[in-house]
Amino acid sequence: ALLEALCDKLGRRLAPVAKKLAWTFAPNLTHRRSSVRVATLRALRGLMHCGAHETILDLCAFKHPNLVPIKAFYGEDRKVNYFGKLILDPSPHVRLAFVGTLRDWMTTLVERADHEPRLLPYVMSALADEAESVQDAALLLLTELGSQYEREHEKDLKATMTYAPEHFGLGSSLSDEISSIEPRAVAYPPPFAARPGLGARVLVKNNFPCVVNPILGEMMGWQEEARTRASKLLRANLVFLEENATQHCQQLCLAFVKVCAATSRDKQTSVAFSKTSLEDAAGSERRSDSRSDSSASRAADIEPVVAQCCSLVGAFVKPDEWLEVLLERCGPGNERDTVAGALAVAAECCAGAAAEDMLREEKDQKCPADRILDVLEHPSLVGSSDTAARAAACRFAA
């Protein structure tokens, strides 16, 4: 409270000591009491406006890719990512306060443009939060950031804002018939109720190349909670990317196939342990049941989220783009888990794609629907003894 009062009364006159104050109070962001963490966030919120904005780099553990600190040559150079701890804080009140702090910095800080690329990933992570209040606050913040981006880059977005579907009829001279055009209906996951604004979509699109590799790396990792969080974070990004996901289509599809293949193995492991437990003694039965439940829970948590990601890719990306990657993994030369994963991903992409896109024929090439049918009718799949592959093939009929 005292630091907040000092920031209000002195303002920029605190600049000579603002950084030292920020470094002194930063460790309290990991205090065991949530009320202390929230109070520290409120104090740092105002302190950044007094000349301590450069400490944001330290709070998010930023390391310049082309610079190495001198002390790193003589000892350990460890940094604590306080923002990463705050966005995963067990208390929803702390996470909500953190989103409020990000809102203040990203909308009112004079140097906000310098820190926007490092703060935006935490806003996107809040969209995948468990608490609805945190999700709603993050979505509102992204809406504000999008409007701010449109105002600051009005000349660059003028043509798009004039002819984009959501801007038809807004003070333009277009006819009423054209102004009634709307973008294709897409099943948006929560907390999205409608298509995000243009500014927010451009903002996330510009930032996505910096985060796609870490997100996919977490998705394909072995930690259950991290895989699920990364999947939800990717789902939120895909809502904003729309057709811009095309340039990442191959990378995304390969990651989806690997995740679905791992999910298929988890399900098979669960079934195998369930059968084994019936034949074992009581002690080993309990151990088998626990391992079976663990494998089943991993599949149940991540599978629906990855399915929604695939559906969004199918809705926004042309079928030829993702079919070229997936059908190649459905051939007889691939491993059984890979074939099952590729078929599952292709089925979910088909579910999100528009019917006219799936039936549209290109020059000297069959339509996407016929190409899929050719794969499903291949003898290697029709006569396959792999239950996972046959089950994935049945998903096309659903």
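**Salt bridges and aromatic pairs in the predicted model**

Twelve salt bridges are present in the structure, which is a predicted model. One of them joins E144 to R103, with 3.1 Å between the closest N and O atoms. This pair connects distant parts of the chain, since E144 belongs to helix α8 (residues 132-152) and R103 to helix α6, 41 residues apart. E144 has a relative accessibility of 24% and therefore counts as partly exposed. R103 is likewise partly exposed, its relative accessible area being 40%.

A salt bridge is also formed between D320 and R371, whose closest N and O atoms are 3.3 Å apart. Because D320 lies in helix α15 (residues 319-326) and R371 in helix α18 (residues 368-376), the pair ties together parts that are 51 residues apart in sequence. The two partners fall into separate accessibility classes: D320, with a relative accessible area of 23%, is partly exposed, whereas R371, with 18%, is buried. The cut-off that divides these classes is 20% relative accessible area.

In a further salt bridge, D374 pairs with K366, and the closest N and O atoms are 2.8 Å apart. D374 counts as partly exposed at 37% relative accessibility, and K366 counts as partly exposed at 47%. Elsewhere, R195, R201 and E242 are joined into one network by salt bridges that share partners.

Aromatic contacts were examined next. Five aromatic pairs are found in a search of the whole structure. In the pair of F83 and W105, the ring centres are 5.9 Å apart and the planes stand at 45°, so the arrangement is tilted. F83 is located in helix α5 (residues 82-87) and W105 in helix α6 (residues 92-108); the pair thus links distant parts of the chain, 22 residues apart. Both F83 and W105 are buried.

F83 also pairs with Y122. Their ring centres are separated by 5.7 Å and their planes meet at 85°, so this pair is edge-to-face; an angle over 60 degrees is the criterion for that class. The F83–Y122 pair again links distant parts of the chain, from helix α5 to helix α7 (residues 112-127), with the two positions 39 residues apart in sequence numbering. F83 has a relative accessibility of 1% and so counts as buried. Y122 is buried as well, with a relative accessible area of 11%. Ring pairs join F83, W105 and Y122, together with F98, into a cluster. Helix α6 thus holds W105 of the aromatic pair with F83 and R103 of the salt bridge with E144.

These pairs are set within a protein chain that has 20 helices and zero strands. Of the 398 residues in the chain, 44% are buried. When contacts between residues at least 6 apart in sequence are considered, 69% join residues at least 24 apart. The surface exposed by the protein chain amounts to about 21400 Å², of which carbon and sulfur atoms supply 53%.

Terms used:
Residues are numbered from 1 along each chain as its sequence is written. This is a predicted model: local features need pLDDT of at least 70, side-chain atom pairs count only at pLDDT 80 or more; totals for chains, interfaces and linings use all residues. Side-chain values use heavy atoms; hydrogens and water are left out. Rings of Phe, Tyr and Trp (its six-membered ring) pair if their centres lie within 6.5 Å; planes under 30 degrees apart count as stacked, over 60 as edge-to-face and the rest as tilted. Helices (H or I, at least four residues) and strands (E, at least two) are DSSP runs, numbered from the N terminus. Buried means under 20% relative accessible area, exposed over 50%, partly exposed in between (1.4 Å probe, protein chains only). Contact means heavy atoms within 4.5 Å. Accessible areas come from the Shrake-Rupley method with a 1.4 Å probe; for residues, only the protein chains shown count as cover. A salt bridge is a side-chain nitrogen of Lys or Arg within 4 Å of a carboxyl oxygen of Asp or Glu.
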